[in-house]
Amino acid sequence: ITRAVSSIVLGIQDKLYLGNLDAKRDWGHAKDYVKVMWMILQHDEPDDWVISTGKTTKIRDFVIMAFNHVGIELEFKGKGIKEKAYIKKCNNKTYELPIGKEVVNIDPKYFRPTEVDLLIGDSAKARKKLGWKLEYNLESLVDDMMSSDLKIISEEVVFQAKSKIIKF
């Protein structure tokens, strides 16, 4: 999602195509998960662990957060497969996109045949036995992903532009 949003605001991609915007997912930061993996490896006895944030967020809300990162507010219209998101307001002069531009569209091919509406984990065991706790929230995850994707895609655009100028 963040790569597509970054591509849209940088003018490389027209819109983002998704499936079920109401599906809920338990998303956590890799930094938290790598830390707990290390803690598991240090544990005296092998065991099975569930690692999660214990919180869910709709796909739609994740998309909103990604666009908000670059100062763009969305407005969703329609229902089900006819739902679309449009730019309602742009508060960032760097990424001036026209108000009313369609940036999110639903494509039935992205619906999972056996969709699970709610995916959430319970990592109470890791918290209790390992003393693990989350250090990063969803907002920091989205911010890190958007910042990284914007940087990488911007560098790719500059590289491609320069490679067209240089002839071998």
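**Stop 1: the hairpin of strand 4 and strand 5.** Select the hairpin of strand 4 and strand 5 in this predicted model. Six residues lie between the two strands. Look for Gly78 there, with a positive phi near 90 degrees. Now show the strands themselves, strand 4 (72–77) and strand 5 (84–90). They run antiparallel and are joined by six bridges. Pick out two cross-strand positions. Lys77 stands opposite Lys84 in strand 5. Phe76 stands opposite Ala85 in strand 5.

**Stop 2: across to strand 6.** Keep strand 5 and add strand 6 (102–106). These two strands run antiparallel, with three bridges between them. Select Tyr86 and find its bridge partner in strand 6, Glu102. How many residues of strand 6 are buried? Five of its five are, and the strand is mostly covered.

**Stop 3: strand 1.** Add strand 1 (16–18). Strand 1 and strand 6 pair in the parallel sense, over three bridges. Select Leu18, whose bridge partner in strand 6 is Ile106.

**Stop 4: Val104 and its contacts.** Centre the view on Val104. Which residues does Val104 touch, leaving out those up to four places away in sequence? Lys15, Leu16 and Leu18 are among them. So are Val63 and Phe67. Glu83, Lys84 and Ala85 complete the list.

**Stop 5: the largest nonpolar core.** Val104 leads straight into the next selection. The largest nonpolar core has 29 residues, and Leu16, Val63, Phe67, Ile72 and Val104 touch the most other members. Colour the elements that give two or more residues to this core: helix 1, strand 1, helix 3, strand 4, strand 5, strand 6 and helix 5. Helix 3 supplies the largest share, six residues. As background, nonpolar side chains in soluble globular proteins tend to be buried together.

Then select a second, separate core of seven residues. Its members include Tyr33, Ala126, Leu130 and Trp132.

**Stop 6: helix 3.** Go back to helix 3 (59–69). Show side chains for its buried residues: Ile59, Arg60, Phe62, Val63, Met65, Ala66 and Phe67. Note that Arg60 is on that buried list. Step just past the helix to Gly71, which takes a positive phi of about 80 degrees.

**Stop 7: helix 1 and the loop after it.** Select helix 1 (2–9). The helix is mostly covered, with seven of its eight residues buried. Those are Thr2, Ala4, Val5, Ser6, Ser7, Ile8 and Val9. Just after helix 1, Gly11 has a positive phi of about 80 degrees.

Now pick Leu10, in the loop between helix 1 and strand 1. Is Leu10 buried or partly exposed? Leu10 counts as partly exposed because its relative accessibility is 29%, and buried would mean under 20%. Show its contacts with Tyr95, Leu150, Ile153 and Ser154, again leaving out residues up to four places away in sequence. Draw a C-alpha to C-alpha distance from Leu10 to Ser154. The two are 144 residues apart in sequence and 7.5 Å apart in space.

**Stop 8: Glu155 on helix 5.** Select helix 5 (138–165) and find Glu155 in it. Glu155 has 44% relative accessibility, so Glu155 counts as partly exposed. Draw another C-alpha to C-alpha distance, this time from Glu155 to Pro108. Here 47 residues of sequence separation go with 33 Å in space.

**Stop 9: the largest pocket.** Finish with a surface view. Rolling a probe the size of a water molecule over the atoms shows where empty space is left. The largest pocket has a volume of about 170 Å³. Select its lining in three batches. Take Arg25, Asp26 and Trp27, which are among the lining residues. Add Thr53, Lys55, Thr56 and Thr57, also part of the lining. Then add Leu134, Tyr136, Asn137, Leu138 and Glu139 to complete it. What classes make up this lining? Colour by class to see four nonpolar, four polar and four charged residues.

How values were computed
Residues are numbered from 1 along each chain as its sequence is written. This is a predicted model: local features need pLDDT of at least 70, side-chain atom pairs count only at pLDDT 80 or more; totals for chains, interfaces and linings use all residues. Side-chain values use heavy atoms; hydrogens and water are left out. On a 1 Å grid over the protein atoms alone, a cavity is a set of points where a 1.4 Å probe fits but cannot get out, and a pocket is an open set with protein on both sides within 12 Å along at least five of seven lines; lining residues have an atom within 4 Å of a point. Grid points are joined across faces, edges and corners, and a volume is the space filled by probe spheres set on the points. Ala, Val, Leu, Ile, Met, Phe, Trp, Tyr, Cys and Pro count as nonpolar, Asp, Glu, Lys and Arg as charged, and the others, Gly among them, as polar. A nonpolar core is a set of buried Ala, Val, Leu, Ile, Met, Phe, Trp, Tyr and Cys residues joined through side-chain atoms within 4.5 Å. Buried means under 20% relative accessible area, exposed over 50%, partly exposed in between (1.4 Å probe, protein chains only). Helices (H or I, at least four residues) and strands (E, at least two) are DSSP runs, numbered from the N terminus. Contact means heavy atoms within 4.5 Å. Two strands pair if DSSP finds at least two bridges between them.
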